[in-house]
Amino acid sequence: MAERAQPVNLADGIGVAVAALVLLAVMGPLGAVLWRAESFSGLGPADWAAVRFTIGQALLSAALSVGLAIPVARALARRRFPGRGILISLMGAPFILPVIVAVLGLLAVFGRRGAASEILGFFGLPPIEVYGLHGVVLAHVFFNLPLAVRLILQGWLAIPVERFRLGATLGFTASDVARHMERPMLRAVCPGAFLVIFLICTTSFSVALMLGGGPRATTVELAIYQAFRFDFDLARAALLGLVQVAICVVAGLMVVWIAVPHAAGTGLDRPLERWDRSGTVARVSDWIAICGAALFLLLPLGAIFVRGVGGLFDMPGLIYAAALRSVLLSLATATVAVALSVPMALLIARGRARGLFETIGALSIAVSPLVVGTGLFVILRPFVSPSGSALPVTGLVNALAALPFILRALVPAIEQAERGYGKLARSLDMSGWHYGRHVILPRIRRPLGFGAGLAAALSMGDLGVITLFAAPQQGTLPLEMFRLMGAYRMEEAQAAALLLLALSLGLFWIFDRGGRIHAAT
Amino acid sequence: MKTPMIASGLILAAGAALADDPVLTVYTYDSFVSDWGPGPAIEAAFEETCGCDLQFVAAGDGAALLSRVRLEGPTTEADIVLGLDTNLTAAARESGLFAAHGIAPQGLTLPIEWTDSDFLPFDWGYFAFVHGTDLDAPDNFPELAASDARIVIQDPRSSTPGLGLLLWVKAAHGDAAEGIWSDLADNIVTVTPGWSEAYGLYLEGEADMVLSYTTSPAYHLIAEEDTSHTAAAFDEGHYMQVEVAGMIQGTDQPELAQAFLEFMISPAFQSVIPTTNWMYPAALSATDLPDGFDTLIAPEKALLYDDEEAAAARDEALAEWLSALSQ
């Protein structure tokens, strides 16, 4: 059957254009760095050791994040309790914190003088030794578990309530529900969540070095820093950037191969109700998952709060100016990110050359911000005033960096809406704008709000590209926080960190909430 | 110099120029221009007399600064690059981007003689392990390695203090350096990307000692009235960090650039350094230092490779460091 071609092609065209922009924004700078290199060198054994360590720790971190997220997401999908919404929002926090803030928060719990070590000491046990591969993985799980929970929870909430009702009518046990509804959903959602988390972990550098305990924990990103700063070997930096692209491509293709789109069927968009949550085992395991995750994620955040709250109203005025700049920047970032992600998500959801577009969509987090920033610098410098372009460039780069996360949230929702209502809509001759407005939009509101919130919050906490472009007077909040640290002013820096945390969470919450208006969940 | 590693990128900048005044563009590291660094006071003082518009452009830390200038090459907007150290000047000279300063500096107060015709020093410090006064501190690296003190250091590949430590051990122990690092391995809690993270971990109680400067306790003493931090005096001597500035070959403001370099070693500039950069000024007598600096440890022996030696030593020293700590 010939499908209506016109509007589909226009939407596809925009999607392809966005994909091309992403590809250009990542590969262009990489090429520029390579072009600027004066000599060419290969990768040494130390570089390959870094590649191996990077992939190993990222696999472990992503597997644990996604694995642990499944019971937590299931528990959050099954249980209703006061404060559930706040807990879900707060869980977004670790993901958006600047690394050093999150690490100090983690150490307040798991460090030598941390709460956990104090408790062990009370029983006469030695303090926790957090530094090593396990420390790296611990921190990465802390950062990414909440993201995995949210993505998987999204999948759970997308299973129509009518299915659960049918299951209940048929006398489904918990394992029947798992087999017929939950596992197929997980098969569709988890590989994508695994991919983005794996890729973020491959570009990790500060966390890996600081908690890894030394040069054993050298990642590709650190090797790139060394190439830029220690050796000024641009060719090697660009080659390492290409290695990151290769890792992304291989991982992206494997995920597309493993993931099986899920046909959960369609419902009437009624609030979720569950009939399978009364068993004692289910109840106990759900509460263990919820309390465990809440403690693991919220205790370090609590430590950040306690340390920062004293100085919060005592900070220099320029911190507030920087905060305002950051808020405006992140609102702009969220807008651009949403505008870019919707056409691309529609394109991916239609399933044409899916592997290619999924991989392109993930590229922007797979390649070193240092390489991309330096490349952009080389490309833009002859044409535009750098300080004038600092905020636009930062906004665009941040929006591209948020793209993979929004796509991960949007694509499954669009696929489901298409599968459920696409034929019906076409038989009613509904297309283009009306189809998007009445069929797709109501069903992607939740992930769209989540994605926009994530983009805004990520941009708040970002310390990457702005440091490459900003004039001294244009510092964003994270940059000013780092300057405070660099000037020994640890207490003020902690207060700035708390302000950053509060603003990021606030922005995230507003968008996220906006996407869930009228939703009972 | 204690600039965040993460912020060590290549920063483009310079605001809009004022209407008529000639513009002098000074590239420097990020913490120099922050509101808590020397930049604002120095800009105000120089603009009072120069009839010019002094514009700072910040770029990460010293190493990132050099990368930035090399990336821009001869078309750089910089007239002056301020904030390299002697471990970087060999590479800077080799780039051919810098011109001789043409100044015979008067009144330098460095513990070493200064003969460099391309770069002029503006401040300096001794690397040292900072610790709480309640710690019974070791007197040298072998004692430190034999003790069970927990230390946090910076990665030489991403941090200038980290590189300084590498050269400190090399200068003090030569061929025995790798053995020292092997023995130190069990003392090293972790290695951080930059100074800020390491110092933060130390203040959080994750380590007993942190690699910083002999002048670090002065911050706690003067700004916080906290006397609980001090630096350990090592009897092998302490490696120095000398921070320098140089003039760009192709500058369109050679007179102004030279005037700035002369201003840089005058009291108006030098007196700002101690309580903003928390380093020793390069041309200010000890009696003019703020109260509190007299309480700092004064190493008996200053260690410093000249820039050729530093450039020759660093790759081997890095290889030794990596192999000793990767086991």
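Take helix α9 of chain A, which covers residues 174-202. If this helix of 29 residues were straight, it would span 42 Å at 1.5 Å a residue, yet its end C-alpha atoms are only 36 Å apart. Where does α9(A) bend, and by about how much? Look at A:Glu182: the helix bends there by about 45°, and a proline, A:Pro184, follows within four residues. Keep in mind that this is a predicted model, so every value here is computed from it.

**The two chains**

Zoom out, and chain A turns out to be built with 21 helices and 0 strands. Chain B mixes things up, with 12 helices and 12 strands.

How does the radius of gyration of each chain fit that of a compact globule? Chain A has 521 residues, so a compact globule would come in near 24 Å; the chain has 23 Å, which agrees. Chain B has 327 residues, so the figure for a compact globule is near 20 Å, and the 19 Å of chain B agrees with that too.

Here are the two chains side by side:

| Chain | C-alpha extent along the principal axes | Mean pLDDT | Residues at pLDDT 70 or more |
|---|---|---|---|
| Chain A | about 65 × 65 × 50 Å | 82 | 90% |
| Chain B | roughly 60 × 40 × 35 Å | 90 | 94% |

**Two domains in chain B**

Chain B is split into two domains, and each is made of two stretches of sequence. Domain 1 takes residues 23-124 and 241-295, while domain 2 takes 125-239 and 297-325. Their C-alpha centres sit 25 Å apart.

How many residues are in contact between them? On the domain 1 side there are 22, and they meet 20 residues of domain 2 of chain B. Three elements of chain B each supply at least two residues to the domain 1 side: α3 (62-72), α4 (89-94) and β10 (238-248). Of these, α4(B) gives the most, with 3 residues. What kinds of residue make up that side of domain 1 of chain B? By class, you'll find 12 nonpolar, 8 polar and 2 charged residues there.

**How sure is the predictor?**

For the model as a whole, the scores are ipTM 0.85 and pTM 0.86.

Confidence also varies along each chain. In chain A, helix α2 (residues 45-78) scores highest at a mean of 92, and helix α19 (residues 466-469) is lowest at 63. Among the elements of chain B, strand β8 (residues 209-213) has the highest mean pLDDT, 97, and the lowest belongs to α3(B), at 88. That α3(B) is also one of the elements on the side of domain 1 that touches domain 2 of chain B.

Now check where each chain begins. Residues 1-7 of chain A stay under a pLDDT of 50, and the model gives them 6 contacts beyond four places in sequence. In chain B, pLDDT stays under 50 over residues 1-18, for which there are 91 such contacts.

Technical notes
Residues numbered from 1 in each chain as written. Chains lettered and ligands numbered in written order. Predicted model: local features only at pLDDT ≥ 70, side-chain atom pairs only at ≥ 80, totals over all residues. Expected span 1.5 Å × (residues − 1). Bend = angle between axes of the 7 residues up to and from the residue. Domains from an automatic or database assignment. Contact = placed C-beta atoms within 7 Å. Nonpolar A, V, L, I, M, F, W, Y, C, P; charged D, E, K, R; others polar. pLDDT = per-residue confidence, 0-100. Rg over C-alpha atoms; globule rule 2.2 N^0.38 Å.
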